[in-house]
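Here are some exercises to help you find your way around a new structure. Try each task yourself before you read the solution.

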Amino acid sequence: MPKTSTKSNAKRYEQQWDVSSDSDPTAYYTVSLTREGQLICHCWPFLRNRECKHVRRVQAGEIAPRGQTVAAPPWMTPVSSTAIAVSKLRLVLANVRCVTPVADKAEAEISAVKVPPLPLGNEHFLLTVLYDLLQLGVAWSALQKRFKVPREITPEWVTYYIAEYGRLIYGPLQEGRFQGWEYIPPEGV
Ligand SMILES: [Zn+2]
């Protein structure tokens with residue numbers, strides 16, 4: 001007896017990736033791996049047989065597949081501390097899950113801020129870092145310079161985005177790797 005189609009319960013795609021849009025940080029394009037082994041995108045250039053940077057980024061391994069723990073790419077491996085002076089606060093690159101102020105024990109004042117390594121291409125994460133640093137009073141001009149923030153993004157917009165979509169931070173650190181992500185809804189911000 002021939003095999004009957006199992007279409008109804010077959011997954012349509014082998015795997016999917018959500019790739020954030022460069023022009024609009026609130027937008028994502030879904031790249032899907034078909035059962036035939038083809039990567040397809042739903043963006044306008046792809047549909048017109050043009051080059052699509054979303055597929056390219058998936059091929060480059062920059063984006064973690066949906067529902068999968070983030071592997072440890074080089075930029076997430078332990079970092080030696082690098083201090084960068086930004087306004088009065090010192091920003092220190094460190095293996096923290098999110099922006100973490102360091103208080104001076106004696107004066108109970110914030111003396112430095114630990115900043116997590118930025119994952120490539122994750123604009124929600126970058127916006128969370130910018131939001132947290134703004135909350136700590138770091139000057140926007142300093143942030144723009146330090147994080148190469150696109151000109152169209154304003155502090156008002158960052159605040160609006162986080163109030164609307166919540167914060168995105170790394171999952172717990174285990175053996176030097178962040179275990180995926182943790183999403184903090186707007187109510188928890
Ligand atoms: Zn695309």
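**Exercise 1.** Find which glycine follows α3, and work out how this helix begins, how far it reaches and how enclosed it is.

*Solution.* The model you're looking at is predicted.

Step 1: Go to the end of α3. There you meet Gly137, which follows the helix and has a positive phi, near 90 degrees.

Step 2: Now go to the other end. Asn122 caps the N-terminal end of α3, with a side-chain oxygen 3.2 Å from the backbone nitrogen of His124.

Step 3: Check the span. α3 has 13 residues, and from its first C-alpha to its last it reaches 18 Å. That's close to the 18 Å expected at 1.5 Å a residue.

Step 4: Look at what surrounds the helix. Eleven of the 13 residues of α3 are buried, so the rest of the structure largely encloses it. Among the buried ones are Phe125, Leu126, Val129, Leu130 and Leu133.

**Exercise 2.** Work out which residues touch the most other members of the largest nonpolar core, and which elements supply it.

*Solution.* A general idea helps to start: in soluble globular proteins, nonpolar side chains tend to be buried together.

Step 1: Pick out the best-connected members. The largest nonpolar core has 25 residues, and Leu130, Leu133 and Phe147 touch the most other members.

Step 2: See where the core's residues come from. At least two each are supplied by β5 (89–93), β7 (109–115), α3 (123–135), α4 (140–147), α5 (155–165) and β8 (167–170). The biggest giver is α3, with seven residues.

Step 3: Zoom in on Leu130. Leaving out residues up to four places away in sequence, Leu130 touches Trp140, Leu143, Phe147, Val149 and Val158.

Step 4: Don't stop at one core. There's a second, separate core of ten residues, and Val31, Cys52, Val55 and Ile63 are included in it.

**Exercise 3.** Work out the strand order in the open sheet of three strands, and match up some bridge partners.

*Solution.* As a reminder, strands of a sheet pair through backbone hydrogen bonds, either parallel or antiparallel.

Step 1: Read off the order. It's β1-β2-β3, with antiparallel pairing.

Step 2: Find the edges. β1 and β3 stand there, each with a single partner strand, so one side of each has no neighbour in the sheet.

Step 3: Take the β1 and β2 pair. Strand β1 (residues 13–20) pairs with β2 over seven bridges. Asp18 has Thr30 as its bridge partner in β2, while Gln15 has Leu33.

Step 4: Move on to β2 and β3, which pair over two bridges. Here the bridge partner of Leu33 in β3 is Leu39.

Step 5: Look at the turn. β2 and β3 form a hairpin with four residues between them, and Gly37 in that turn has a positive phi of about 85 degrees.

**Exercise 4.** Decide for Glu36, Lys148 and Phe178 in turn: buried or exposed?

*Solution.* You'll need two cut-offs: buried is under 20% relative accessible area, exposed is over 50%.

Step 1: Start with Glu36, in the loop between β2 (28–34) and β3 (39–40). Its relative accessibility is 69%, so Glu36 counts as exposed. Glu36 is 23 residues from Tyr13 in sequence, and the two are 9.1 Å apart in space, C-alpha to C-alpha.

Step 2: Next comes Lys148, in the loop between α4 and α5. With a relative accessible area of 70%, Lys148 is exposed. Lys148 also has a positive phi of about 50 degrees, although it is not a glycine.

Step 3: Finish with Phe178, found in strand β10 (residues 177–178). Its relative accessible area is 1%, so Phe178 is buried. Phe178 and Asn95 are 83 residues apart in sequence, yet 8.7 Å apart in space, C-alpha to C-alpha.

**Exercise 5.** Step back and describe the chain as a whole: how many helices and strands does it have, and what percentage of its residues is buried?

*Solution.* Step 1: Count the elements. The chain comes to five helices and eleven strands.

Step 2: Check burial. Of the 189 residues in the chain, 36% are buried.

Step 3: Look at the contacts with a separation of 6 or more. Residues 24 or more positions apart account for 42% of these.

Step 4: Add the surface. The accessible surface comes to about 11800 Å², and 51% of it belongs to carbon and sulfur atoms.

Definitions and conventions:
Residues are numbered from 1 along each chain as its sequence is written. This is a predicted model: local features need pLDDT of at least 70, side-chain atom pairs count only at pLDDT 80 or more; totals for chains, interfaces and linings use all residues. Side-chain values use heavy atoms; hydrogens and water are left out. Buried means under 20% relative accessible area, exposed over 50%, partly exposed in between (1.4 Å probe, protein chains only). A nonpolar core is a set of buried Ala, Val, Leu, Ile, Met, Phe, Trp, Tyr and Cys residues joined through side-chain atoms within 4.5 Å. Contact means heavy atoms within 4.5 Å. The expected span of a helix is 1.5 Å times one less than its number of residues. A polar contact is a pair of N or O atoms within 3.5 Å; within protein, one must be able to donate a hydrogen and the other to accept it, and residues adjacent in sequence count only if both atoms are side-chain atoms. Two strands pair if DSSP finds at least two bridges between them. Accessible areas come from the Shrake-Rupley method with a 1.4 Å probe; for residues, only the protein chains shown count as cover.
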